[in-house]
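Here are a few short exercises to work through with the structure open in your viewer. Try each one yourself before you read the solution.

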Amino acid sequence: MAAQAAISLAGSVAAAPSFSTSCVSRSHGSLSAGSKVVPRRGLRTFSGLKAERCGGVSGAGAFRGGESFETLAASIDAAKPAKNVEETVRPGQARASSYKVAVLGAAGGIGQPLSLLIKMSPLVSTLNLYDIANVKGVMADLSHCNTPAQVAGFTGPTELAACLKDVDLVIIPAGVPRKPGMTRDDLFNINANIVKTLIEAVADNAPNAIINIISNPVNSTVPIAAEVLKAKGVYDPKKLFGVTTLDVVRANTFVAQKKNLRLIDVDVPVIGGHAGITILPLLSKTRPSAEFTPEEIEELTVRIQNAGTEVVEAKAGAGSATLSMAYAAARFAESCMRALDGDPDVFECTFVQSELTDLPFFASRVKLGKKGVEAFITDDLEGLTEYEQKGVDALMAELKGSIEKGVNFANKQVAPA
């Protein structure tokens with residue numbers, strides 16, 4: 001299994017078995033991991049790439065454009081010695097070179113562009129790159145970029161512990177895409193074992209780190225990670241995230257195109273999971289408010305759910321959604337770091353342990369804080385249209401099966417001989 005520990009992921013939204021049951025609870029009292037539940041009303045901003053300024057970095061991340069050079073210059077100035085950092089840096093404003101990030105699967109189709117985007121963040125002090133091969137070349141390439149983050153490369157299982165030592169954020173794009181002739185069970189077994197091996201190392205060497213899982217099928221790999229962390233005695237549900245940001249990025253893009261809206265203004269929450277019909281965009285909750293015909297709702301929902309296939313077909317089978325996934329993962333990673341840095345207005349949709357439904361994991365919008373998930377935003381799940389409620393009913397059974405598949409795999413693997 002060690003030899004498979006970090007096969008680089010070339011795909012990001014490969015169709016994965018997603019299964020599940022029951023309806024969304026509308027109770028404001030539903031909690032997850034002790035986090036409070038708050039409504040969506042009045043939120044100033046919600047995402048890592050929103051151009052609205054909410055102090056320091058939240059308005060302009062290093063790869064968001066607009067103020068990127070200004071932000072980077074400010075981060076370099078912030079690195080100069082100060083008598084009292086807490087007095088000189090506002091909450092949410094970037095402290096240059098503050099966080100240590102590890103990308104596991106850094107030499108792959110997603111890992112390379114993702115690592116480049118993370119290298120551009122003024123919040124990163126050290127970027128550790130891990131893979132089973134070819135990672136030293138990626139490290140050398142990125143080290144020539146004149147941004148503050150220092151890059152280090154680690155190859156193979158014997159160097160994994162050193163890669164993870166003292167990191168604040170672990171991002172896992174490692175795995176394989178589904179290839180011709182490969183069944184979904186084949187894909188699941190390969191990636192499930194990779195995620196299990198990597199999470200065991202995270203538990204041993206970076207038990208307090210925030211974990212962002214990209215490896216598909218996310219609906220199953222996140223529960224696998226949770227069970228492994230529980231077995232190791234270090235599970236913190238507030239710090240384990242399945243990255244579903246690509247679904248939001250696509251929803252925002254497609255809606256803006258359809259309705260001729262300014263893309264930077266568009267916000268479409270996406271709930272459920274991260275495969276097929278478990279991906280449910282809530283078009284009725286679109287901001288700014290937009291009117292959709294029943295035909296437009298059907299068209300947009302299906303396109304968002306099947307957007308990964310759209311990319312695979314456009315690439316004529318030569319690849320999958322690597323660049324858009326890297327972009328979405330970098331956005332979510334920056335949101336996590338902004339929250340760690342004290343920004344009080346960081347909101348993202350993500351697949352996490354949740355009590356908003358009868359399922360143990362569910363994707364919804366959450367507020368991120370210094371300790372991970374700080375609160376769940378319940379307004380998105382209230383007042384759903386008939387079409388959206390049918391979508392919830394349909395996805396629950398599928399998502400339930402995917403979660404159980406991951407839990408069963410992990411428990412079988414960790415069961416005593």
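**Exercise 1. Helix against helix**

How closely do the axes of helix 6 and helix 7 come together, and at roughly what angle do they cross?

Solution. Keep in mind that you're working with a predicted model.
- Step 1: pick out residues 184-205 for helix 6 and residues 218-231 for helix 7.
- Step 2: compare the axes, which come within 9 Å and cross at roughly 35°.
- Step 3: check the hand of the crossing, which turns out to be right-handed.
- Step 4: list who makes the contact. Helix 6 puts in Phe-188, Ala-192, Val-195, Lys-196, Ile-199, Glu-200 and Ala-203, while helix 7 brings Ser-220, Thr-221, Ile-224, Ala-225, Val-228 and Leu-229.
- Step 5: sort those residues by type, and you get 9 nonpolar, 2 polar and 2 charged.

**Exercise 2. One residue in that contact**

Is Ile-224 buried or exposed? Work out what it touches, too.

Solution.
- Step 1: locate Ile-224, which sits in helix 7.
- Step 2: look at the relative accessibility. The cut-off for buried is under 20%, and Ile-224 is at 0%, so it counts as buried.
- Step 3: find its partners, leaving out residues up to four places away in sequence. Ile-224 touches Phe-188, Ala-192 and Lys-196, plus Gly-406, Phe-409 and Ala-410.
- Step 4: compare sequence and space for one pair. Val-195 and Ile-224 are 29 residues apart along the chain, and their C-alpha atoms are 7.7 Å apart.

**Exercise 3. Cis peptide bonds**

Which residue is joined to Pro-217 by a cis peptide bond, and which one to Pro-288?

Solution.
- Step 1: read omega at Pro-217. The bond from Asn-216 is cis, with omega at about 0°.
- Step 2: place Pro-217, and you land in the loop between strand 6 (210-213) and helix 7.
- Step 3: do the same for Pro-288, where the bond from Arg-287 is cis with omega near -5°.
- Step 4: place Pro-288 as well; its loop runs between strand 9 (279-281) and helix 9 (294-305).

**Exercise 4. Positive phi without glycine**

Where are Asn-134 and Asn-260 found?

Solution.
- Step 1: Asn-134 is in the loop between strand 3 (124-131) and helix 4 (135-143). Its phi is positive, about 70°, though Asn-134 isn't a glycine.
- Step 2: Asn-260 lies in the loop between helix 8 (245-259) and strand 8 (270-272). Here phi is about 55°, again positive in a residue that isn't a glycine.
- Step 3: exposed means over 50%. Asn-134 has 65% relative accessibility, so it counts as exposed. Asn-260 has 71%, so it is exposed.

Terms used: Residues numbered from 1 in each chain as written. Predicted model: local features only at pLDDT ≥ 70, side-chain atom pairs only at ≥ 80, totals over all residues. Heavy atoms only, no water. Axes fitted to C-alpha atoms, helices over the stretch in contact; angles between N-to-C directions. Helix = DSSP H or I, 4+ residues; strand = E, 2+ residues; numbered from the N terminus. Left-handed = near helix turned anticlockwise from the far one by under 90°. Contact = heavy atoms within 4.5 Å. Nonpolar A, V, L, I, M, F, W, Y, C, P; charged D, E, K, R; others polar. Buried < 20%, exposed > 50% of the residue type's maximum accessible area, 1.4 Å probe, protein only.
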